[in-house]
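Me: Please take a close look at a single part of this one and walk me through it slowly. I'm in my first year, so spell out the terms as you go.

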Amino acid sequence: MIIINNESNRVFSDSETSTPNLEPRKFKVQDVSQCENVNDILSFLNVKDYSKEDIPNICKGYSRILDDRGYPLAIVKDTYDLLNPNEAFAFMDALVSTMGLKYKESGFTHEGKRLFITAYGKPIKIAHKDRKLGDTLQTRVTCVTSFDGSSSTIIKIEFLRVICSNKMASWMTDEVIKVRHTRNQRAIMSQALSQATGIEMIFSKIEDDINHLDSVNVTRGQMKRMANIYFKIDGMHDDDVPTKSKNGRDRMLSQFHHETLGTFGQTAWDAMNAYTAYMTHDRPTRNTKGASKEENQWRGAFSEKDSRKFRNIITEVVGV
């Protein structure tokens with residue numbers, strides 16, 4: 001989807017529109033565990049319908065998207081099909097009921113341009129080999145949609161390691177359903193959801209992979225190579241490695257054996273957890289234009305692209 005938007009996130013000046021001068025929504029993870037359904041969640045967040053306005057007198061063939069408070073979000077092609085919040089998440093009630101999930105968190109990211117809702121399932125136990133201490137993994141389903149064309153409507157599954165005190169460390173995530181904002185999106189979503197019962201099979205498949213990782217020995221030298229590959233410094237002499245990359249590599253390596261966070265420096269599962277611990281606890285984050293330090297940390301911790309990348313690095317180094 002092609003998006004035309006300016007750097008300030010203001011589509012027009014106040015003199016060109018009657019839009020009130022409002023601030024965009026800010027990132028905040030809201031506890032919605034008291035909500036029974038999507039309508040309850042949207043009511044709790046005070047979210048109403050968004051709108052799409054054609055602007056032929058200003059830019060022929062394009063429209064502007066305004067949020068429920070009249071704040072301009074973006075200019076999009078007039079073929080863009082706006083999916084309102086109640087439509088984007090309506091299917092989640094059936095999914096939550098079918099899978100026995102419970103709503104937990106919701107909130108906006110990207111200055112109000114995206115909205116997410118998460119629902120949690122039953123925890124599962126992963127037993128470490130040769131040790132009594134194992135991991136407790138929380139299953140989670142997250143739906144994300146955008147209102148400016150920057151992202152499709154996505155359903156993804158996640159496992160969260162809850163051994164960490166802040167309960168944030170994630171492992172592998174996988175996109176189950178991804179639907180672009182076209183005029184057929186409602187029919188496509190409906191068809192995709194008819195197959196969504198396979199989500200439970202995906203959870204089971206990832207659980208099997210975790211147990212397999214836990215059965216494969218990994219040395220500290222192999223872990224160091226994984227970190228080097230991740231930071232794109234594999235094969236470089238340490239004297240030639242940029243300080244930022246070296247510090248990141250060393251922080252990740254230190255998480256390979258960190259018993260208070262449940263890693264023991266022995267297996268491919270410890271290697272995967274060293275990555276997630278680094279992403280959650282050690283990865284430097286900062287304020288950027290349009291996103292706070294906290295939002296950037298949240299996005300990084302739950303990035304399926306990065307977690308999949310590190311899982312592939314494990315395969316490259318130890319063949320699992």
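Reply: Let's start with one residue and work outwards. Asn-228 is buried, with a relative accessible area of 10%. "Buried" means under 20% relative accessible area, "exposed" means over 50%, and "partly exposed" is what falls in between, using a 1.4 Å probe and protein chains only. Before going on, some ground rules: this is a predicted model, in which local features need pLDDT of at least 70 and side-chain atom pairs count only at pLDDT 80 or more, while totals for chains, interfaces and linings use all residues. Residues are numbered from 1 along each chain as its sequence is written, and side-chain values use heavy atoms, with hydrogens and water left out.

Back to our residue. Asn-228 sits in helix H6. Helices (H or I, at least four residues) and strands (E, at least two) are DSSP runs, numbered from the N terminus. If you skip its neighbours within four places in sequence, Asn-228 is in contact with Ile-233, Asp-234 and Arg-249; contact here means heavy atoms within 4.5 Å. Look at that last partner: Asn-228 and Arg-249 are 21 residues apart along the chain, yet 6.4 Å separates their C-alpha atoms.

Follow Arg-249 and you land in helix H7, where it is one of the buried residues, together with Ser-245, Gly-248, Met-252 and Leu-253. These buried residues lie on the same side of H7, because they cover an arc of only 135 degrees around the axis. The arc is that of the directions from the helix axis to the C-beta atoms. On the face turned away from that buried side, H7 carries the exposed residues Thr-243 and Lys-244.

What sits on top of the buried side? The cover of the buried residues of H7 includes helix H6 (220–230), strand E12 (257–258), H8 and helix H10 (304–318). As for its length, H7 has 12 residues that should span 16 Å at 1.5 Å a residue, and its end C-alpha atoms are 16 Å apart, which agrees. (The expected span is 1.5 Å times one less than the number of residues.)

H10, one of the covering helices, deserves a quick look too. Its 15 residues reach 21 Å from first C-alpha to last, close to the 21 Å expected at 1.5 Å a residue. Buried in H10 are Glu-304, Ser-307, Phe-310, Arg-311, Ile-313, Ile-314, Val-317 and Val-318. Right after H10 comes Gly-319, with a positive phi near 75 degrees.

There's another positive phi in our corner. Lys-232 is in the loop between H6 and H7, and its phi is near 60 degrees, a positive value in a residue other than glycine. As background, most residues other than glycine have a negative phi. Lys-232 is exposed, with a relative accessible area of 69%.

Now for the open space that H7 helps to line. The second largest pocket holds about 360 Å³ of space. To find a pocket, a 1 Å grid is laid over the protein atoms alone; the pocket is an open set of points where a 1.4 Å probe fits, with protein on both sides within 12 Å along at least five of seven lines, and lining residues have an atom within 4 Å of a point. Grid points are joined across faces, edges and corners, and the volume is the space filled by probe spheres set on the points.

This pocket has 13 lining residues, and Phe-231, Lys-244, Tyr-278, Arg-283 and Pro-284 lie nearest its centre. So one name returns: Lys-244 is on the exposed face of H7. Helix H7 (243–254) and helix H8 (268–282) each supply at least two residues of the lining, and H7 gives the most, with 5 residues. By class, the lining has 5 nonpolar, 4 polar and 4 charged residues. Here Ala, Val, Leu, Ile, Met, Phe, Trp, Tyr, Cys and Pro count as nonpolar, Asp, Glu, Lys and Arg as charged, and the others, Gly among them, as polar.

Finally, zoom out. The chain has 10 helices and 13 strands, and 51% of its 320 residues are buried. Of the contacts in the chain with a separation of 6 or more, 61% come from residues 24 or more positions apart.
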